[in-house]
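The following exercises concern how the parts of an assembly meet one another. Each task is followed by a solution that proceeds step by step.

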2 protein chains.
Amino acid sequence: MAEHLLRCESCSVRHRAVCGALEHAEIERLNAIAHHKLLPPGHVILHDNAEMHYFANIVSGVVKLTKTLADGRQQIVGLQFASDFLGRPFRAQSPYTAETVTDVHLCTYDKGKFERLVKDIDGFEHRLFQHTLDELDSAREWMLLLGRKSAGEKVASFLLMVARRMETIGCKASDDPNRPRFNLPLSRAEIADFLGLTIETVSRQISRLKVDKIIGLEGNRTISILDMRRLMAAMEQERD
Amino acid sequence: MAEHLLRCESCSVRHRAVCGALEHAEIERLNAIAHHKLLPPGHVILHDNAEMHYFANIVSGVVKLTKTLADGRQQIVGLQFASDFLGRPFRAQSPYTAETVTDVHLCTYDKGKFERLVKDIDGFEHRLFQHTLDELDSAREWMLLLGRKSAGEKVASFLLMVARRMETIGCKASDDPNRPRFNLPLSRAEIADFLGLTIETVSRQISRLKVDKIIGLEGNRTISILDMRRLMAAMEQERD
DNA sequence: AAAGCAATTTGCTTTCGATCAAGGCAAATT
DNA sequence: AATTTGCCTTGATCGAAAGCAAATTGCTTT
């Protein structure tokens, strides 16, 4: 029973997309069909157009969605962090590959049972719909980056995006809120695939930020943002 | 009465996203709140984060969704053709600008009334949700193009996309189905903004396709695809 | 601590697309 | 008819990022 409540905590509280608008009783119904899964880095959850047999909330870790050309060029088209939702209700297939980037803890729901709950619980599909609109917005934001930003701007945007994301899921290991410090979940190769650049260009841009004392590096993965103002300037502001 | 039925035809039959799953009686309810609007090219329907007071189906013409950086660099993040839906149910704002590219005929619905119908008609929101998933898929498809394709591949992909789109909405003026011929709705500048290229690069790539006898040009806007096979080869195939 | 190995960085060269600058063409204006 | 204007094409040059080849760093394993 205590364990059950714990599971409720770990799944409901953190999973904005699915549970944000639900009553406690309904979250209990979700928890009743929930299972948990631990996956190692590099695990392919869904291979291109294959069928996915479950939905899931990410409890911890990072999942990447990728698309690949015939000759191997790859583009990351989505990054899902803790509290994000995985899967497409009422769709058999997804035209991309989903793969774990780090150790990932999933809270999974059987496809059929979940879809029945979605139909059953008032406002649930509405909630998923709004979440998909959010995903569409960030995809389009990223299209602007891919099509029109320079390598320097891309890397700065990426670091700020990850920093913000790590913060909202409570992963920052920092005292000063203006100087966030966190572990990059992605390798240089993955950052390159995310930004539409090569490994070398990503590395050079990160080195430049380090030389300019805008960021600090400990090892390859631990980044601290030393000068938030200049990092944001390096990213360029949107308007319209 | 006759006019009413005509409007029914022009709105229901062609608007997949909204009406695809609806019964005739429900389409009638939609038609009851429908108004029509004719807009000239270059008309801004929605300016960045401004509020949009109506939803609409596009009866004819093309609408572009754009995002712009502070210094004027622009990226088209969506292209909507006839039968596409415009607007975001239950959202006040959209983080991009929507602007007509050609003369556009809209079938509009008052925001409040439309949202009431969405809540009222069973399966309507589900339908809109699935349509948004489609939009997300094409946005991600385009991210792969923006991040990883060469200028030549981008232009070839664009021409094939437009050809397919013009065909499905019945705008091709061609006898041979393997040699589609159509009017480009976009200027060179707009194609460039769509592909993340410059005007000059777009022009050069189109010229190259013409010299190679893969496409034919009459004037600047009328394109015929002469060698579908080689155009598709120029685009590169996806896999994964 | 040393070895082994993969990931990252760095230097050098090349290439693709951007930028700059004319020039052509057709429709609109006078 | 002459001029302007907008849009597109073409040529020449430039520059940012890609490509390639070491060198280096940072983990793992022993």
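**Exercise 1: The surface near DNA strand D**

Task. Determine which helix gives the most residues to the surface near DNA strand D.

Solution. In this predicted model, helix 8 of chain B gives the most to that surface, with 4 residues. Next, consider the elements that each supply at least two residues: helix 8 (199-211) of chain A and helix 8 (199-211) of chain B. Finally, sort the surface by class: 2 residues are nonpolar, 10 are polar and 6 are charged.

**Exercise 2: Contacts with DNA strand D**

Task. State which residues come nearest to DNA strand D, and identify the part of the strand to which most of its atoms within 4 Å of the protein belong.

Solution.
1. There are 18 residues around DNA strand D, of which Ala151(A), Thr201(A), Arg204(A), Arg188(B) and Ser207(B) come nearest.
2. Of the strand atoms within 4 Å of the protein, 68% belong to sugar or phosphate, and the rest belong to bases.
3. Two phosphate examples come from chain A. For Thr201(A), an N or O atom of the side chain lies 2.2 Å from a phosphate oxygen of DNA strand D. For Ala151(A), a polar backbone atom lies 2.8 Å from a phosphate oxygen of the strand.
4. Chain B provides an example at a sugar or linking oxygen of DNA strand D, which is 3.4 Å from an N or O atom in the side chain of Asn220(B).

**Exercise 3: The interface of chain A and chain B**

Task. Describe the extent of the contact between chain A and chain B, its polar pairs and the elements of chain A that supply it.

Solution.
1. Begin with extent. The size of an interface is often given as the accessible area lost when the parts come together. Chain A and chain B bury about 5200 Å² between them, with 54% of this area on carbon and sulfur atoms. The contact involves 56 residues from chain A and 56 residues from chain B.
2. Turn to the charged pairs. The two chains are joined by 14 salt bridges. One of the salt bridges links Arg91(A) to Asp134(B), with the closest N and O atoms 2.9 Å apart.
3. Count the polar contacts: 28 residue pairs across the interface, both residues being at pLDDT 80 or more.
4. Assign the chain A side to its elements. Strand 4 (63-68), strand 5 (74-80), helix 5 (124-148) and helix 7 (188-195) of chain A each supply at least two residues. The largest share, 20 residues, comes from helix 5 of chain A.
5. Classify the side of chain A that touches chain B: 20 residues are nonpolar, 16 are polar and 20 are charged.

Notes. Residues are numbered from 1 along each chain as its sequence is written. Chains are lettered from A and ligands numbered from 1 in the order in which they are written. This is a predicted model: local features need pLDDT of at least 70, side-chain atom pairs count only at pLDDT 80 or more; totals for chains, interfaces and linings use all residues. Side-chain values use heavy atoms; hydrogens and water are left out. Contact means heavy atoms within 4.5 Å. Buried area is the accessible area (1.4 Å probe) that two parts lose on being put together, summed over both. A salt bridge is a side-chain nitrogen of Lys or Arg within 4 Å of a carboxyl oxygen of Asp or Glu. A polar contact is a pair of N or O atoms within 3.5 Å; within protein, one must be able to donate a hydrogen and the other to accept it, and residues adjacent in sequence count only if both atoms are side-chain atoms. Ala, Val, Leu, Ile, Met, Phe, Trp, Tyr, Cys and Pro count as nonpolar, Asp, Glu, Lys and Arg as charged, and the others, Gly among them, as polar. A residue is near a molecule or strand if one of its heavy atoms lies within 4 Å of it.
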